[in-house]
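This report looks at how charged side chains pair with one another in the model shown below. Please keep the sequence and the structure in view while reading.

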Amino acid sequence: MRARLGLAAVVGLLLAGCGERTTPAPEPAPPPPKAAVTAPPAYKATPSPTLAAVRKRGVLACGVHPGLPGFAFPDARGQWRGFDVDICRAVAAATLGDASKVRFVTIDAKDRFGALKAGRIDILSRNTSLTLSRDAGLGLTFPATTYYDGQGFLVPRALGLNSAEELGGARVCVQAGTASEANLADFFRVRGLTYRPVVAASEEEARRLYERENCDAFSADVSALAASRSVMTNPGAHEILPNVISKEPLGPVVRQDDPAWADIVAWTVHAVVLAEELGLSSRTVEQARETATDPETRRLLGVEGDLGALLGLSPDWAYQAIRQVGAYHELFRKDLGADSALKLDRGLNALWTAPKPGLMYAPPVR
């Protein structure tokens with residue numbers, strides 16, 4: 001009996017010892033810290049004094065060239081036509097809902113920036129190049145490029161020239177007070193060539209001097225040369241040499257003290273370009289507004305979201321510009337391309353997605 005009791009005691013002690021060595025259950029790991037939630041940017045419209053003035057006046061004041069075929073010219077009925085004219089009409093459609101509410105003000109080259117700074121016009125749309133000195137030194141802003149151009153030379157075919165470098169010693173007509181005058185001097189100086197500048201007060205005067213043979217060549221933007229040639233007595237007797245001696249990004253200009261207005265003009269241009277990219281036109285945009293499923297098309301046309309509010313505009317601002325004025329390819333074809341007297345190729349002004357890509361590229365609408 002005592003042996004059994006001793007054995008039981010030993011077993012008890014062993015069991016007790018085992019109990020003392022039992023490892024406690026581990027504590028659960030703390031939950032990972034929650035990721036900080038970043039609030040979305042607070043987007044809101046910036047008021048535009050120019051937009052307020054345009055709406056109060058009920059008409060957009062647009063400064064244009066007095067008469068440059070393809071870009072700005074009055075037709076036989078006195079109606080303004082041209083590419084620069086259509087850009088202003090698109091802005092009027094976007095801001096006032098009516099592309100016809102534009103007052104066109106003819107501006108000479110020497111007065112164009114002064115008229116804008118003095119507030120006589122709301123927008124300058126007059127084949128004007130963006131340069132550093134103009135952008136930084138005039139208190140003005142160039143919101144978007146509408147036409148990529150470059151300076152060239154118009155010469156009589158009878159001269160049999162193949163290159164502008166054969167113009168050493170020639171008389172060259174050029175308009176005073178323009179970038180073309182300085183570019184011309186740079187071109188001849190760099191090549192060690194002499195020339196005689198025949199300086200005219202206007203493009204029209206430079207063309208007349210050239211037609212009268214007061215000069216051997218006429219130098220200006222290639223688009224302006226094509227415009228001048230189209231109204232000459234015998235356009236086929238003149239050719240534009242292949243040399244392009246400068247970069248001339250042309251587009252509308254506004255005052256620098258109203259960045260919200262600059263945004264409105266820029267996004268109107270972008271909307272017209274994007275319309276072409278999305279396959280829209282003035283004829284199809286109304287149906288697209290009803291049937292489009294593509295999110296960007298729906299945002300552009302004001303069907304989805306209200307991005308127009310960020311510009312201080314109605315939801316259908318872009319729709320109105322496209323419906324009343326057209327997509328970029330329509331403007332180009334009608335004013336400058338196959339359906340115009342200028343017959344200019346798209347070239348650099350083709351879309352970036354074209355088979356022969358150009359530089360026309362619109363930021364996304366989102």
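## Salt bridges in the predicted model

The structure, which is a predicted model, holds 16 salt bridges. Side chains of opposite charge can pair when their charged atoms come close. Three of these pairs, each with the distance between its closest N and O atoms, are set out here.

| Salt bridge | Closest N and O atoms |
|---|---|
| R81 with D75 | 2.9 Å |
| K334 with D86 | 2.6 Å |
| R333 with D339 | 3.1 Å |

The pair formed by K334 and D86, whose closest N and O atoms are 2.6 Å apart, connects two helices: K334 lies in helix α13, which covers residues 328-335, while D86 lies in helix α3, which covers residues 83-96, so this salt bridge ties together parts that are 248 residues apart in sequence. The two partners also have their own surroundings to consider, for K334 counts as partly exposed at 41% relative accessibility, whereas D86 is buried, with a relative accessible area of 6%, and the cut-off for being buried is under 20%.

This pair belongs to a wider arrangement, in that D86, R89, K334 and D335 are linked in a network of salt bridges.

Turning to the arginines in the table, R81, the partner of D75, is partly exposed, with a relative accessible area of 33%. R333, which forms its salt bridge with D339, is likewise partly exposed, and its relative accessible area is 45%.

Definitions and conventions. Residues numbered from 1 in each chain as written. Predicted model: local features only at pLDDT ≥ 70, side-chain atom pairs only at ≥ 80, totals over all residues. Heavy atoms only, no water. Salt bridge = Lys/Arg side-chain N within 4 Å of Asp/Glu carboxyl O. Buried < 20%, exposed > 50% of the residue type's maximum accessible area, 1.4 Å probe, protein only. Helix = DSSP H or I, 4+ residues; strand = E, 2+ residues; numbered from the N terminus.
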